Amino acid sequence: MSPEGWVKAEVFLKFNTLKMLGLTTDMVMDAASSLDGVEIDQETKSIRGVGARPSLERNLAQEHLKIVFLTGLGHSANISLVKSKIENLVEPEYIGIGRFKDRRAKGWAMLEL
């Protein structure tokens, strides 16, 4: 990624799902051009988000921000399971589930509070 936030479209082609679909750089650029909040540069074949983006600065500014890991969820964990485990306790801003390349859950989740 450039300092201005530009990412070459070819980087996205390294993602396993896009590899599996056999997409080309032009296909990625075409798809990105139809998205809201995304800017494309056809000359350099690059893509970047526009507008408000989550950033490290935003996170550091939130003194109350906490990251919590929830373990022991098993390989079939999903967002609904995580929410059921924490209902009535906290309302996370973000839930991320660790996954293997084959998309099975690793058995843990990260919650941003």
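This text walks through two sheets, the helices that lie across them, and a few local details. The model is predicted.

Start with the sheet that holds β1, β2 and β3. It is an open sheet of three strands, in the order β1-β3-β2, and the pairing is antiparallel. At its edges stand β1 (7-8) and β2 (38-41), each of which pairs on one side only. Strand β3 covers residues 46-49, and four bridges tie β3 to β2 in the antiparallel sense. One residue pair can serve as a landmark: Ile40 has Ile47 in β3 as its bridge partner. A helix comes next. Helix α3, residues 25-33, lies across β2 and β3. Its direction makes an angle of about 140° with β2.

Now zoom in on Ser46, which is found in strand β3. Is Ser46 buried or exposed? Its relative accessible area is 4%. The cut-off for buried is under 20%, so Ser46 counts as buried. Which residues does Ser46 touch, leaving aside those up to four places away in sequence? The list begins with Trp6, Val7, Lys8 and Ala9. Met29 is on the list too, along with Glu39, Ile40 and Asp41. Several of these fall in elements already met: Val7 and Lys8 lie in β1 (7-8), and Met29 lies in helix α3 (residues 25-33). Ser46 also has a polar partner. Its side chain and that of Thr44 are joined by a polar contact of 3.0 Å.

Move on to the sheet that holds β4, β5 and β6. This is also an open sheet of three strands with antiparallel pairing, and its order is β4-β6-β5. Why do β4 and β5 each have a side without a neighbour in the sheet? β4 (67-70) and β5 (94-99) stand at the edges and have a single partner strand each, so one side of each stays unpaired in the sheet. Ignoring direction, neighbouring strands here are turned against each other by 25° on average. Five bridges link β5 to β6 (residues 105-112), again in the antiparallel sense. Across this pairing, Ile95 stands opposite Leu111 in β6.

Helix α5, residues 79-86, lies across β4, β5 and β6. It runs at about 125° to β5. Look at both ends of α5. At the start, Asn78 places a side-chain oxygen within 3.1 Å of the backbone nitrogen of Ser80. Just after the helix, Asn88 takes a positive phi of about 70°.

Conventions:
Residues numbered from 1 in each chain as written. Predicted model: local features only at pLDDT ≥ 70, side-chain atom pairs only at ≥ 80, totals over all residues. Heavy atoms only, no water. Pairing = 2+ DSSP bridges. Helix = DSSP H or I, 4+ residues; strand = E, 2+ residues; numbered from the N terminus. Axes fitted to C-alpha atoms, helices over the stretch in contact; angles between N-to-C directions. Contact = heavy atoms within 4.5 Å. Buried < 20%, exposed > 50% of the residue type's maximum accessible area, 1.4 Å probe, protein only. Polar contact = N/O pair within 3.5 Å; in protein donor to acceptor, adjacent residues only side chain to side chain.
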